[in-house]
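User: Could you take me through one strand of this model and its neighbours? I'd like a close look before I go back to the bench.

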Amino acid sequence: MRITIHQAVAVPRAQAIAAYGTPAFYEGRPIRDDIAVLEVVHHDDAGTRILIEVRFAFTGSVSPAVRAVIDPAKMSWVTRTEIHLEEARSDWVVLPDHYPDRLRASGTYRFGAGDDGPGTTLVTVEGDLKVQVPIVGRSVERVIVSDLRAYIADEVSSIPDLAR
């Protein structure tokens with residue numbers, strides 16, 4: 001399933017990009033839309049390139065059909081994000097802690113000029129998500145993408161909080 005999300009934020013582009021490469025952006029974040037940040041696993045800032053790996057967990061409820069093939073207690077993953085500061089983009093890939101044969105997701109974040117001038121940024125998330133579970137795979141993909149849209153909206157709106 002293709003993912004495309006556009007979300008504006010009232011901060012300059014450099015600040016929006018930098019937020020995603022800062023451990024403080026993730027640490028202590030409350031559970032949002034059934035997704036919890038467990039820990040920043042790795043952080044490497046090489047100047048123009050930042051690599052950050054963050055472990056997440058799904059905390060919501062799942063249907064009995066999903067529970068029959070996936071243990072909800074094992075719905076955790078690491079998102080590895082490589083931020084290319086000079087290109088105003090990042091590449092991300094989801095690395096499941098369990099069931100790596102059942103979930104694949106990867107894509108990019110792009111940070112463009114917002115419609116309200118240089119103090120705003122349009123964050124565009126694009127990617128692909130594939131859940132390989134017989135019978136329920138497509139419906140699980142739709143739920144994940146729906147939750148992801150809400151999560152990204154909350155995430156992007158929290159960028160200005162780093163400046164306070």
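In which sense do S4 and strand S5 (residues 89-96) pair, and over how many bridges?

Analyst: Happy to! S4 and S5 pair in the antiparallel sense, over eight bridges (strands are DSSP runs of E, at least two residues, and helices of H or I, at least four, numbered from the N terminus; a pairing needs at least two DSSP bridges). The model is predicted, so local features need pLDDT of at least 70 and side-chain atom pairs 80 or more, while totals for chains, interfaces and linings use all residues. Numbering starts at 1 along each chain, and side-chain values use heavy atoms, without hydrogens and water.

On the S5 side, histidine 84 stands opposite arginine 89. Four residues separate the strands of this hairpin, where alanine 88 takes a positive phi near 55 degrees. S4 (residues 76-84) also pairs with strand S3 (residues 49-58), again in the antiparallel sense, over nine bridges; here alanine 57 faces serine 76 of S4. Seven of the nine residues in S4 are buried, leaving the strand mostly covered (buried: under 20% relative accessible area, 1.4 Å probe, protein chains only).

Elsewhere, tyrosine 20 of helix H1 and phenylalanine 111 of strand S6 are both buried. Their ring centres lie 5.7 Å apart with planes at 55 degrees, so this pair is tilted (centres within 6.5 Å, planes neither under 30 nor over 60 degrees apart). The pair links parts of the chain 91 residues apart. Tyr20 and Phe111 belong to a cluster of ring pairs with Phe25, Tyr26 and Tyr109. Arginine 29 lies over the face of phenylalanine 25, 4.6 Å from the ring centre (CZ within 6 Å of that centre and 35 degrees of the ring normal).

Definitions and conventions:
Rings of Phe, Tyr and Trp (its six-membered ring) pair if their centres lie within 6.5 Å; planes under 30 degrees apart count as stacked, over 60 as edge-to-face and the rest as tilted. Buried means under 20% relative accessible area, exposed over 50%, partly exposed in between (1.4 Å probe, protein chains only).
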